[in-house]
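User: I would like to learn how to read the packing of a protein model, beginning with its interior. Could you take me through it one feature at a time?

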Amino acid sequence: MKLKDIKKNIRHEFEWIGFLLAIKLLSLFSRKNIYRMGRNLGALAFILIRKYRQITLQNLNVVFKNKKTKEEIDQIAKRSIQEMFISGSELWYFCQLSRSEQDKLIGIEGLEHLERALVHGKGVIGLSAHLSNFPLVSVKLAAKGFDAGFIIRRQRDPRMESMLLGFRSRMGIKTIYSIPRTDCVADSLSHLRNNGILIIDLDQNFGANGGVFVDFLGQTAATAPGPVIFSMRTGAKVVPMFLIRNDDLSVKVVIEPALELELTGDKNKDILVNIARFTKIVERYVLKYPNLWTWSHKRWKTQPRDVVKN
């Protein structure tokens, strides 16, 4: 075994031990103290984890150059990283609750839009983003009795993935893995054809091949075409739904009216045009709630020059 692999295995073991300790500790705290701990850990991470701080500040400076002061950008960066730690701690708290308790603690606005879209019987594509504690969108919908599914990446550690899968299953959330991509597509289409809700976060870098390039916050961004393709193939409605944190730290799901696809018969053009439209909705929420978005992600890493031509 190479030295690099040995170091990786050691790191994974420490991550697993830390994961177990964190779960144990979180079970001892009240919700109020979990928020306080998450905020303090986030503030510490902003100082100590140089990589996250640099990426976060770099992205913020690109987007808000000449629009916000250095002090404002620094404040958004710190609060964004704090939100990551608050959300991570909070999520484990919600995992310990019953569905009725989850339903009570997570607010919802615009539920009628979702119910109206489901009447068609062709499923719903939930257009979402990594805003605040975004997994709670699916937690809330499952607690309300909806058949909610989430496309996610597997954890590198199979032990951690097994535990997370157990939590999601107990909460009534269907897990659809993003890799392998053929299985992801098949499982997603099946879920929609059973009139399920498929939640897709449209704010992550999609890589060099398979995505489309659209404007996001003034920069060219490689974006997943899934929401449009799935809607074209199944007739599922696309319904924007986001998780918002209020000033008092409470959370709620905000659901907007269903979106109609703009179709011309030119498939490639239709995918590009509609993904650009959907991305602008995500952008609107990011600009409205910049403290809640994950600015530490390399959203603009892939550019058109990186695409490999066949």
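**Cores, a helix face and a pocket**

Analyst: The largest nonpolar core has 47 residues, and those with the most contacts inside it are Phe 216, Leu 217, Ile 275, Phe 278 and Trp 295. Helix H11 (residues 267–288) gives the largest share of this core, seven residues. A second, separate core of 39 residues includes Phe 94, Leu 114, Phe 134 and Phe 150. This is a predicted model, in which local features need pLDDT of at least 70 and side-chain atom pairs count only at pLDDT 80 or more, whereas totals for chains, interfaces and linings use all residues. Residues are numbered from 1 along each chain as its sequence is written, and side-chain values use heavy atoms, with hydrogens and water left out.

User: What is a nonpolar core here?

Analyst: In soluble globular proteins, nonpolar side chains tend to be buried together. A core is a set of buried Ala, Val, Leu, Ile, Met, Phe, Trp, Tyr and Cys residues joined through side-chain atoms within 4.5 Å, and buried means under 20% relative accessible area, exposed over 50% and partly exposed in between (1.4 Å probe, protein chains only).

User: Which residues of helix H6 are buried?

Analyst: An α-helix has 3.6 residues a turn, so residues three or four places apart point the same way. In H6 (residues 111–118), a DSSP run like the other helices (H or I, at least four residues) and strands (E, at least two), numbered from the N terminus, the buried residues are Leu 111, His 113, Leu 114, Ala 117 and Leu 118. They line one face of the helix, because they fall within an arc of 160° seen down the axis of H6, the arc being that of the directions from the helix axis to the C-beta atoms.

User: Is His 113 buried or exposed, and what is in contact with it beyond its neighbours within four places in sequence?

Analyst: His 113 has a relative accessible area of 18% and is therefore buried. Leaving aside those neighbours, His 113 is in contact (heavy atoms within 4.5 Å) with Ile 255, Glu 256 and Pro 257.

User: How should I read Met 232 in the same way?

Analyst: Met 232 lies in helix H10 (residues 226–234) and is partly exposed, with a relative accessible area of 30%. Neighbours within four places in sequence aside, Met 232 is in contact with Leu 261, Leu 263, Lys 267, Asp 270 and Ile 271. The C-alpha atoms of Met 232 and Ile 271 are separated by 9.2 Å, the two residues being 39 apart along the chain.
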